[in-house]
Amino acid sequence: MNDFAVLYTGRKMPLIGLGTWKSELGKVKQAVMWALQAGYRHIDCAAIYGNEAEIGEALQETLDHNNDLRREDLFVTSKLWNTRHHPEDVEPALLQTLKDLRLEYLDLYLIHWPHAFQRGDTPFPKKEDGSMLYDDIDYKLTWAAMEKLVGKGLVRAIGLSNFNSRQVDDILSVAGIKPAVLQVESHPYLAQVELQAHCRARGLVMTAYSPLGSPDRTWKHPEEPVLLDELAIATLANKYKKSPAQIILRWQTQRGVVTIPKSVTEARIRENIQVDGKRVPRDAGHPHYPFNDPY
């Protein structure tokens with residue numbers, strides 16, 4: 001699969017990438033190597049995932065031993081964590097990510113969440129009662145520091161994650177360098193149709209995390225439906241001799257949404273990229289479109 005979304009900068013971002021959220025240490029290195037062997041050229045990372053050093057080993061070993069693969073062929077994303085929103089913390093946080101990933105630059109760097117936590121080395125600082133300790137730093141100041149990273153050549157593009165439409169516009173109102181991407185949770189139960197239209201109108205590409213509904217999430221209610229077990233999706237999977245995951249990923253790529261399914265299983269990693277997303281039908285933005293016919 002060689003389909004791309006084109007950022008306003010002109011850079012091509014592969015529509016299917018490997019997500020690494022919840023990818024365990026001891027498994028994520030091999031997962032990234034399998035993904036690169038299978039044709040993935042987009043790897044989505046974040047400092048808070050705690051696995052960037054192992055991902056860096058996979059990237060370096062693959063680039064060192066595969067003469068047909070160059071750094072410029074890859075699209076690597078990472079994210080600034082909530083405790084690093086103060087402007088003076090932004091570049092050091094990025095430099096640590098670059099060191100861990102063994103890279104000289106990132107293709108995309110995102111503000112992970114719009115809210116800031118108390119500064120420091122505790123990723124989830126809490127009060128005695130267990131509630132979070134927040135910081136009142138304005139994310140527009142954080143954005144100004146992100147822009148400086150582009151000027152220094154440390155990142156090729158910058159963007160946002162988990163921001164709503166109002167917050168996106170808030171950043172755009174002050175941006176010298178516009179955000180190129182908004183990454184949010186998106187799947188057929190949470191299609192984000194309005195938010196995607198908002199992004200498209202402003203020149204942002206949307207990326208979907210948890211595209212398969214994150215059935216392994218710890219906070220899932222026992223009675224919640226399981227996306228991969230939906231009858232309509234299973235029917236389409238049977239009709240086209242595809243997996244339910246492939247049907248869902250196909251729907252996203254047809255909408256022009258970049259999608260980052262996570263897996264540490266070789267067969268699933270290979271399966272998830274075997275999605276042809278070239279045709280974008282006129283009604284692909286309809287929230288119930290995946291239950292029509294994505295192929």
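**Reading the labels: cores, helix pairs and odd phi angles**

User: Which residues does valine 32 touch, once residues up to four places away in sequence are left out?

Analyst: In this predicted model, the partners of valine 32 are Leu18, Ile43, Ile55, Ala58 and Leu59. Valine 32 itself sits in helix α1.

User: What makes valine 32 buried or exposed?

Analyst: Just the accessibility. The cut-off for buried is under 20% relative accessible area, and valine 32 comes in at 0%, so it counts as buried.

User: And where does valine 32 stand in the largest nonpolar core?

Analyst: That core has 60 residues, and valine 32 is among the members that touch the most others, together with Leu106, Tyr109, Met146 and Leu182. Helix α1, residues 28–38, is the top contributor to this core, giving six residues. There's another core apart from this one, made of twelve residues, including Met13, Ala157, Ala180 and Val258. As a general matter, nonpolar side chains in soluble globular proteins tend to be buried together.

User: How far is valine 32 from lysine 22, in sequence and in space?

Analyst: Ten residues along the chain, and 13 Å from C-alpha to C-alpha.

User: How do α1 and α2 pack, and which residues meet there?

Analyst: α1 and helix α2 (residues 52–65) pack at an angle of about 35°, and their axes are 8 Å apart. The α1 side brings Val28, Lys29, Val32, Met33 and Leu36, and these meet Glu54, Ile55, Glu57, Ala58, Leu59, Glu61 and Thr62 of α2. Sorted by class, that contact holds seven nonpolar, one polar and four charged residues. The crossing of α1 and α2 is right-handed.

User: Why are α4 and α5 called oblique?

Analyst: Helix α4 (residues 139–151) and helix α5 (residues 165–172) pack at about 55°, with 10 Å between their axes. Roughly parallel needs under 35 degrees, and roughly perpendicular needs 65 to 115. The angle of about 55° meets neither condition, so the pair is oblique. The crossing of α4 and α5 is right-handed.

User: Which residues make that α4–α5 contact, and how do they divide by class?

Analyst: From α4 you have Tyr139, Lys140 and Trp143, and from α5 there are Arg166, Gln167, Asp170 and Ile171. They split into three nonpolar, one polar and three charged.

User: What makes α7 and α8 roughly perpendicular, then?

Analyst: The angle between α7 and α8 is about 100°, with the axes 8 Å apart. The window for roughly perpendicular runs from 65 to 115 degrees, and about 100° lies in it, so the label follows. Ile233, Leu236, Ala237 and Tyr240 of α7 and Pro244, Ile247 and Ile248 of α8 make the contact. By class, the contact of α7 with α8 counts seven nonpolar, no polar and no charged residues.

User: How do you know that α8 is largely enclosed by the rest of the structure?

Analyst: By counting its buried residues: ten of the eleven in α8 qualify, so the helix is largely enclosed. Among them are Ala245, Leu249, Arg250, Trp251 and Gln254. What they pack against is β11, α7, β12 (258–259) and α9 (266–272). Following α8 comes glycine 256, with a positive phi near 80°.

User: What is unusual enough to flag about serine 210 and lysine 241?

Analyst: Neither is a glycine, yet both have a positive phi: about 50° for serine 210 and about 55° for lysine 241. Serine 210 lies in the loop between β11 (205–209) and α7 (231–240), while lysine 241 belongs to the loop between α7 and α8 (244–254).

User: Are those two buried or exposed, and what decides that?

Analyst: Serine 210 has 11% relative accessibility, under the 20% limit, so it counts as buried. Lysine 241 has a relative accessible area of 70%; exposed means over 50%, so that is its label.

User: Why is threonine 265 called partly exposed?

Analyst: Its relative accessible area is 35%, in between the 20% and 50% cut-offs, so partly exposed it is. Threonine 265 is in the loop between β12 and α9. Isoleucine 247 is 18 residues from threonine 265 in sequence and 19 Å from it in space, C-alpha to C-alpha.

Methods. Residues numbered from 1 in each chain as written. Heavy atoms only, no water. Core = buried A, V, L, I, M, F, W, Y, C linked by side-chain atoms within 4.5 Å. Buried < 20%, exposed > 50% of the residue type's maximum accessible area, 1.4 Å probe, protein only. Helix = DSSP H or I, 4+ residues; strand = E, 2+ residues; numbered from the N terminus. Axes fitted to C-alpha atoms, helices over the stretch in contact; angles between N-to-C directions. Parallel < 35°, antiparallel > 145°, perpendicular 65-115°, else oblique. Left-handed = near helix turned anticlockwise from the far one by under 90°. Contact = heavy atoms within 4.5 Å. Nonpolar A, V, L, I, M, F, W, Y, C, P; charged D, E, K, R; others polar.
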